[in-house]
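Trainee: I am new to this structure and would like to go through it with you. Could we begin with the terms we shall need?
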Amino acid sequence: MSVADLLAAFHWLRPLWLLLLPLIAALWWIGRFHTAARETRARHVAPHLARALMVGQGKRGRLMPVDTLAALALCLVVGLAGPAWSRMPNPMVSQTAPLVIALEVTPSTLANDVPPSRLERAVLKIESLLATRSGAETALIAYSGSAHLVVPLTGDPALIKPYLEGLSPAVMPVEGDVAGQALALAETLLADQPVPGTILFLSDGVSGANLSAFTARDDANTLAFLSLLPGEAPLPEIEGLGARQVSVSADDSDIQTLERLLASAYRQALIDDDRLAWEDRGVWLAWPAALLALLGFRRGWQLGAVALTLGAGLWTGALGPGSLGIDVARAQSSVSTRAAEAESASPLTTRLMDAFLTPDQQGRWWVERNRYDRASMHFEDPAWRGYALYRDGQYAEAVTALAALETADAAFTQGLALIRSRQYRDAVAAFETALARDPDYPEGERNLALAREIRDYVEETREQSDTGEDRGEGADDIVFDNESQRGVETTLSGDEGDKLLTPEQWISAIDSETGDYLRQRFALEAAMSRSGGSADQAAEPASGPISGGVP
């Protein structure tokens with residue numbers, strides 16, 4: 001998040017506490033200057049002799065107990081006022097804004113100046129980025145002389161990988177550079193999302209004919225480029241377009257930079273969502289206040305010891321004992337639940353976390369590091385535990401954990417988990433429950449319609465498979481019984497052109513290369529585009545499991 005965005009979102013949750021600041025300033029001035037000046041005046045001793053007899057009069061600039069008390073009070077009052085500049089994420093949806101990846105697939109990307117080649121390095125970088133986006137909405141676009149939607153927005157990164165590996169300049173129907181068309185296609189995908197997303201281009205250059213499209217783009221979505229040029233060289237063509245540019249690297253530093261960029265886009269999207277609560281950051285000031293209070297143990301600084309007692313009492317009374325993140329009794333419960341990770345975690349780390357963090361806080365700590373398996377072992381809150389199980393791929397366990405909640409969020413996430421586990425009828429029922437609890441739930445109607453479509457398609461396919469109608473087979477032979485010895489027995493067989501495939505031929509037919517499939521599909525889309533048809537409807541790729549959007 002930029003400084004400008006942070007300042008724009010900054011506000012106070014409990015601003016009335018700030019009324020104590022003038023009182024603190026007045027008391028500090030009285031204790032620092034007025035009281036000290038009065039102590040230097042003596043009734044029965046001449047002023048010049050009194051100054052000579054007083055100790056420490058030349059050290060007025062040093063830190064005094066009243067300074068520590070004032071700083072401590074300042075930290076506590078500002079913390080109690082509740083500074084906030086970000087929203088609390090919804091645990092029922094993915095914590096990442098949608099991402100559309102646009103990959104340039106041209107002959108120039110086959111250059112091996114970025115080993116093994118620019119295109120292969122780009123594929124590796126995309127796979128590394130997808131590994132960090134489990135459950136997040138991601139789409140893939142390939143472009144050269146034409147732009148094609150390879151995989152629509154999906155929360156299953158495993159669905160993108162096989163298509164990604166099949167991309168090469170040989171599958172593209174037309175050579176050239178239509179990055180502007182890829183940008184328009186990406187904006188179309190993000191137009192239906194409840195929050196803005198990020199468009200990431202992996203390219204070794206943009207032709208001048210595309211610059212007008214980038215200049216007129218929608219600023220609501222974040223634009224980023226991963227340069228595939230050697231030597232971490234930037235792309236000079238995109239200077240001034242308001243796009244964030246990252247150079248490809250041999251290590252994962254470029255991926256880490258992109259992760260921070262995506263996280264910033266996600267935080268900005270949360271700020272614009274009025275349905276989410278603001279995250280109170282005042283607790284951060286408790287720790288500097290505690291460090292200042294430790295100065296009260298210096299010799300002669302009794303005032304600091306009093307500040308330690310009063311400050312802790314004020315904070316505890318206003319925000320509750322859990323505001324500091326310290327709840328030893330609760331943290332030490334559920335130890336048996338977390339015993340499974342004791343071998344892999346450092347004993348010192350485990351002891352410190354158990355001593356200073358509640359189980360839910362430990363789970364949140366692991367969630368922020370994308371360790372959803374460990375997070376699910378810690379969470380006691382059923383909503384967060386169900387979310388962690390869902391992100392970890394434990395869909396059946398997530399459905400069970402969320403069954404105890406009667407919220408629209410819980411039912412919606414149950415529907416997503418049931419779709420992933422291919423329980424389509426139950427998924428439809430879960431989405432219907434979510435809409436019954438909240439008719440205006442975001443993405444509820446869309447996911448319910450998609451779930452019904454998948455259910456109907458699967459059931460229809462199964463029915464056809466039972467009769468062989470989907471393969472045009474029917475029965476091998478049709479024989480009319482002639483039990484009454486009337487007429488003539490007749491055996492009908494299929495036409496010579498309708499011979500059944502052998503098992504080897506059938507396996508060969510379905511085991512085609514992904515590149516061949518993409519080549520045929522892209523050629524069909526390009527042909528339909530030239531003839532005035534809709535390229536997007538020419539041949540949709542198999543869509544992945546439904547994934548909810550970020551509210």
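Mentor: Certainly. Contact here means heavy atoms within 4.5 Å. Please also keep in mind that this is a predicted model.

Trainee: Understood. Which residues in α4 meet α10, and which residues do they meet there?
Mentor: On the α4 side they are T68, A71, L72, C75 and L76. Their partners in α10 are P288, A289, L292 and A293.

Trainee: How do the residues of that contact divide into nonpolar, polar and charged?
Mentor: Eight are nonpolar, one is polar and none is charged.

Trainee: Where do these helices lie in the sequence, and at what angle do their axes cross?
Mentor: Helix α4 covers residues 65-80 and helix α10 covers residues 286-294. Their axes come within 9 Å and cross at roughly 160°.

Trainee: Are they roughly parallel or antiparallel, then?
Mentor: Angles over 145 degrees count as roughly antiparallel, and α4 and α10 are therefore roughly antiparallel to each other.

Trainee: And is the crossing left-handed or right-handed?
Mentor: The crossing of α4 and α10 is left-handed.

Trainee: Let me step back to the whole chain. How many helices and strands are there?
Mentor: The chain has 22 helices and ten strands. It runs to 551 residues, and 41% of them count as buried.

Trainee: What is the accessible surface of the chain?
Mentor: It comes to about 29400 Å², and carbon and sulfur atoms account for 56% of that.

Trainee: What share of the contacts joins residues 24 or more positions apart?
Mentor: Among contacts with a separation of 6 or more, that share is 69%.

Trainee: A change of topic: why is helix α16 described as largely enclosed?
Mentor: Helix α16 spans residues 382-391, and eight of its ten residues are buried, so the rest of the structure largely encloses it. The buried ones are A383, W384, G386, Y387, A388, L389, Y390 and R391.

Trainee: Which helices do those buried residues pack against?
Mentor: They pack against α14 (359-367), α15 (372-378), α17 (395-402) and α18 (408-420).

Trainee: One last residue: is L129 buried or exposed?
Mentor: L129 belongs to helix α5, residues 118-131. Its relative accessibility is 2%, and being under 20% means buried, so L129 counts as buried.

Trainee: What is L129 in contact with, beyond its neighbours within four places in sequence?
Mentor: Its contacts are L99, L200, I255, L258, E259 and L262. As for distances, L129 and Q256 are 127 residues apart in sequence, yet their C-alpha atoms are 8.8 Å apart in space.

Technical notes: Residues are numbered from 1 along each chain as its sequence is written. This is a predicted model: local features need pLDDT of at least 70, side-chain atom pairs count only at pLDDT 80 or more; totals for chains, interfaces and linings use all residues. Side-chain values use heavy atoms; hydrogens and water are left out. Axes are lines fitted to C-alpha atoms, for helices over the stretch in contact, and angles run from 0 to 180 degrees between N-to-C directions. Helices (H or I, at least four residues) and strands (E, at least two) are DSSP runs, numbered from the N terminus. Angles under 35 degrees count as roughly parallel, over 145 as roughly antiparallel, 65 to 115 as roughly perpendicular and the rest as oblique. A crossing is left-handed if the near helix is turned anticlockwise from the far one by less than a right angle, and right-handed if clockwise. Ala, Val, Leu, Ile, Met, Phe, Trp, Tyr, Cys and Pro count as nonpolar, Asp, Glu, Lys and Arg as charged, and the others, Gly among them, as polar. Buried means under 20% relative accessible area, exposed over 50%, partly exposed in between (1.4 Å probe, protein chains only). Accessible areas come from the Shrake-Rupley method with a 1.4 Å probe; for residues, only the protein chains shown count as cover.
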